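This report describes one chain for a reader who has not met it before. It covers confidence, helices, buried residues and a few side-chain pairs.

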Amino acid sequence: MTKEQIKIYLIDRAVDELTKSLIEDYPISLADALDIIYNSDTFQKLEDTETDLYVQSPAYIYELLNTEYKTGRFGMGRG
């Protein structure tokens, strides 16, 4: 696998886990969960190779997303 393929795999895995967690924690649909994820600062950082967020655990990434969802602010202190 190339580095780009690994990155895509890790991002896809994270999105799967983020989606499951959002649906479990909030009364929202699959479409709403995906909308929240793909329109979040967290997802922008996840795709940004310079942040290396995609190599973090899905649980850590979910904490950032959940903070952003609840407060409207990205949770890393740089976003």
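pLDDT is the predictor's confidence in each residue, on a scale from 0 to 100. It applies here since the model is predicted. Across the chain the mean pLDDT is 92, and 94% of the residues reach 70 or more. Among the elements of the chain, H1 has the highest mean pLDDT, at 97, and H3 has the lowest, at 95.

**Helix H1**

Helix H1 covers residues 3-25. Its 23 residues should span 33 Å at 1.5 Å a residue, and its end C-alpha atoms are indeed 33 Å apart, so the two values agree. The buried residues of this helix are Lys7, Ile11, Ala14, Val15, Leu18, Thr19, Ser21 and Leu22. They pack against helix H2 (30-38), helix H3 (41-47) and helix H4 (58-71).

Which residues does Val15 touch, beyond those up to four places away in sequence? They are Leu34, Ile37, Tyr38, Phe43 and Leu46. Val15 lies in helix H1 and counts as buried because its relative accessibility is 5%, under the 20% cut-off. Val15 and Phe43 are 28 residues apart along the chain, and their C-alpha atoms are separated by 8.5 Å.

Ala14 is also found in helix H1. Its relative accessibility is 1%, so Ala14 counts as buried. With neighbours within four places in sequence left aside, Ala14 is in contact with Leu46, Pro58 and Ile61. From Ala14 to Phe43 the C-alpha distance is 9.7 Å, across 29 residues of sequence.

**Helices H3 and H4**

Thr42 has its place in helix H3. At 1% relative accessibility, Thr42 is buried. Leaving aside neighbours within four places in sequence, the contacts of Thr42 are Leu53, Ile61, Leu64, Leu65, Glu68 and Phe74. Among these, Ile61, Leu64, Leu65 and Glu68 are buried residues of H4.

H4 has 14 residues and reaches 20 Å from its first C-alpha to its last, close to the 20 Å expected at 1.5 Å a residue. Its buried residues are Pro58, Ile61, Tyr62, Leu64, Leu65, Asn66 and Glu68. What covers them includes H1, H2 and H3. After H4 comes Gly72, which has a positive phi, near 80°.

**Aromatic pairs and a charge over a ring**

How many aromatic pairs does the model contain? The count comes to 2 aromatic pairs. One of them is formed by Tyr26 and Tyr69, whose ring centres are 4.8 Å apart with 70° between the planes, an edge-to-face arrangement. This pair links distant parts of the chain: Tyr26 is in the loop between H1 and H2, Tyr69 is in helix H4, and their positions lie 43 residues apart in the numbering. Tyr69 counts as partly exposed, at 36% relative accessibility.

Tyr38 and Phe43 also form an aromatic pair. Their ring centres are 4.8 Å apart and their planes meet at 85°, so this pair is edge-to-face. Tyr38 is partly exposed, with a relative accessible area of 42%, whereas Phe43 is buried, at 10%. Both residues are touched by Val15.

A charged side chain also sits over a ring: Lys7 lies over the face of Tyr54, at 6.0 Å from the ring centre. Lys7 is one of the buried residues of H1.

**The salt bridge**

Side chains of opposite charge can pair when their charged atoms come close. The count here comes to 1 salt bridge. It joins the side chains of Glu17 and Lys20, at 3.2 Å from N to O. Both residues lie in helix H1, 3 residues apart, about one turn of the helix. Are the two partners buried or exposed? Glu17 is partly exposed, with a relative accessible area of 31%, and Lys20 is partly exposed as well, at 45%.

**Accessibility of selected residues**

The table collects relative accessible areas for residues discussed above.

| Residue | Relative accessible area | Class |
|---|---|---|
| Ala14 | 1% | buried |
| Val15 | 5% | buried |
| Glu17 | 31% | partly exposed |
| Lys20 | 45% | partly exposed |
| Tyr38 | 42% | partly exposed |
| Thr42 | 1% | buried |
| Phe43 | 10% | buried |
| Tyr69 | 36% | partly exposed |

Terms used: Residues are numbered from 1 along each chain as its sequence is written. Side-chain values use heavy atoms; hydrogens and water are left out. A salt bridge is a side-chain nitrogen of Lys or Arg within 4 Å of a carboxyl oxygen of Asp or Glu. Helices (H or I, at least four residues) and strands (E, at least two) are DSSP runs, numbered from the N terminus. Buried means under 20% relative accessible area, exposed over 50%, partly exposed in between (1.4 Å probe, protein chains only). The expected span of a helix is 1.5 Å times one less than its number of residues. Contact means heavy atoms within 4.5 Å. Rings of Phe, Tyr and Trp (its six-membered ring) pair if their centres lie within 6.5 Å; planes under 30 degrees apart count as stacked, over 60 as edge-to-face and the rest as tilted. A charge sits over a ring if NZ of Lys or CZ of Arg is within 6 Å of the ring centre and within 35 degrees of the ring normal.
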